[in-house]
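Below is a short report on one protein chain, meant to be read beside its sequence and structure.

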Amino acid sequence: MSESKTQLINMAVEEADEARVAALSAEHAAEDAEKAAEAAAVDARVALEKFEAAEEAAEKKQASIELFELCTAILLGLGAIFSGIASHQGGLWDGASLEAYSQASTISTQAADAASLANAIITHDNNVNLQAMQMIWQAQLLPREHQDREFLLHQASVFYLRQASDEAYTALGLPEEARKMYKESGIESIPEEELLMVQRKEYSPDYYLAMYAGSDEKYKEAKVKFDEGSHANNAGDYFSLAGVYYALSLFFAGIGLVFKTGMRWWFFSVGSFIFVATTIYMYTLEWA
């Protein structure tokens with residue numbers, strides 16, 4: 001009976017030990033589980049931080065891309081607008097140049113016509129003077145009482161009064177009273193002594209200047225118009241050059257869209273610099 005009690009006690013003690021060991025094992029397992037949970041929480045927190053950082057970096061990158069695209073779009077728009085303005089100004093200057101050249105050509109033709117007319121009048125005046133002088137010489141060879149002498153002198157007067165131009169008549173120093181009398185009353189008479197003096201005279205440079213005054217004036221006017229056309233043509237070329245520079249700025253701004261790195265801002269900066277420099281250059285030009 002006592003042995004049975006002892007066995008029961010031993011069995012109870014063993015069960016108690018086993019329960020204690022099991023409790024310790026459970027406690028260690030709980031501690032391990034707690035540590036694992038803490039580690040998992042740490043890992044989750046690190047992962048969350050990394051995710052938030054990655055998301056923030058992605059947002060910053062997206063914002064940077066959007067900012068670049070916005071700036072590029074603005075630059076491209078401004079470049080297109082100012083390029084159109086430069087093209088418009090170039091067209092206006094080209095039109096002005098064409099009009100001035102056309103006017104210069106027309107005036108040059110008028111000047112040539114005036115010069116041709118002056119040449120014809122000079123040739124006519126020389127022929128009139130030559131024939132009149134021949135009559136005067138013939139009259140001088142005749143005696144004073146000869147009837148043909150007065151006729152030849154009268155014919156010489158008729159030639160000068162009717163056929164000679166005003167410039168030629170004045171250049172030969174013939175009396176203005178005789179010409180005035182002819183125009184007012186038709187009397188064709190130049191004193192003999194005045195006719196004899198003609199043989200000692202010839203057309204002076206002032207006569208030729210007077211005859212070519214109209215054509216010279218037209219040639220000067222044509223030169224002024226030609227210079228205006230040349231000036232307008234050069235002004236148009238300057239605006240065309242500005243258009244080329246604007247196209248270059250558009251090229252650099254547009255090619256920056258191809259790149260995804262920070263290099264795109266370098267292209268944008270180059271395009272912006274060209275755009276600003278071209279705008280300043282165009283501002284200094286003469287506008288139509």
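The sections below go from the overall fold to the cores, the charged pairs and the surface.

## Overall fold

The model is predicted. Its chain has eight helices and zero strands, so in order from the N terminus the elements read α-α-α-α-α-α-α-α. Buried residues account for 25% of the 288 residues.

The chain exposes about 18600 Å², of which carbon and sulfur atoms supply 61%. Of the contacts with a separation of 6 or more, 77% are between residues 24 or more positions apart.

## Nonpolar cores

In soluble globular proteins, nonpolar side chains tend to be buried together. Here the largest nonpolar core holds 26 residues, and Tyr160, Tyr169, Leu174 and Ile190 have the most contacts inside it. Helices α1 (2–141), α2, α3, α5 (192–198) and α6 (205–211) each give two or more residues to this core. The largest share, eight residues, comes from α1.

Tyr169 shows how these residues meet. Apart from neighbours within four places in sequence, Tyr169 is in contact with Tyr160, Leu161, Leu174, Pro175, Glu176, Ala178, Arg179 and Ile190. A second core, separate from the largest one, has 14 residues, including Phe68, Leu75, Tyr246 and Ala253.

## Ala168 in helix α3

Is Ala168 buried or exposed? Its relative accessibility is 0%, so Ala168 counts as buried. Ala168 belongs to helix α3, which covers residues 166–171.

Beyond its neighbours within four places in sequence, Ala168 is in contact with Asp125, Tyr203 and Tyr207. The C-alpha atoms of Ala168 and Val128 are 9.8 Å apart, with their positions 40 residues apart along the chain.

## Arg144, Arg149 and Glu192

Side chains of opposite charge can pair when their charged atoms come close. By the rule used here, the chain has seven salt bridges. One of them pairs Arg144 with Glu192, with 3.5 Å between the closest N and O atoms. Because Arg144 sits in the loop between α1 and α2 while Glu192 is in helix α5, this pair ties together parts 48 residues apart in sequence. Arg144 has 65% relative accessibility and counts as exposed, whereas Glu192, at 22%, counts as partly exposed.

Arg149 lies in helix α2, residues 147–163. With a relative accessibility of 8%, Arg149 counts as buried. The side chain of Arg149 also reaches the backbone oxygen of Leu142, at 3.4 Å. Setting aside neighbours within four places in sequence, the contacts of Arg149 are Ala139, Gln140, Leu142, Pro143, Arg144 and Glu192.

## Two further salt bridges

Glu188 and Arg162 meet through their side chains in a salt bridge, at 2.3 Å from N to O. This pair links distant parts of the chain, since Glu188 is in the loop between α4 (176–185) and α5 and Arg162 is in helix α2, 26 residues apart. Glu188 has a relative accessibility of 14% and therefore counts as buried.

What separates Lys223 and Asp227 within helix α7? They are four residues apart in this helix (residues 213–255), so about one helical turn lies between them. Lys223 and Asp227 form a salt bridge, and their closest N and O atoms are 3.0 Å apart. Lys223 counts as exposed at 53% relative accessibility, and Asp227 is partly exposed at 38%. In contrast to this pair, Arg144, Arg149 and Glu192 are joined into one network by salt bridges that share partners.

## A nonpolar patch on the surface

Some nonpolar side chains are found at the surface. Leu67, Leu70, Ile74, Leu78, Ile81, Ile85 and Trp287 form a nonpolar patch there, with about 630 Å² of accessible area together.

Trp287 belongs to the segment after α8 (263–283). Its relative accessible area is 40%, so Trp287 is partly exposed. That value is over the 30% a residue needs to be placed in a patch.

Terms used:
Residues numbered from 1 in each chain as written. Predicted model: local features only at pLDDT ≥ 70, side-chain atom pairs only at ≥ 80, totals over all residues. Heavy atoms only, no water. Patch = residues over 30% accessible without salt bridge, like charges linked within 9 Å, V, L, I, M, F, W, Y side chains within 5 Å. Areas by Shrake-Rupley, 256 points an atom, 1.4 Å probe, with all protein chains shown as cover. Salt bridge = Lys/Arg side-chain N within 4 Å of Asp/Glu carboxyl O. Buried < 20%, exposed > 50% of the residue type's maximum accessible area, 1.4 Å probe, protein only. Contact = heavy atoms within 4.5 Å. Polar contact = N/O pair within 3.5 Å; in protein donor to acceptor, adjacent residues only side chain to side chain. Core = buried A, V, L, I, M, F, W, Y, C linked by side-chain atoms within 4.5 Å.
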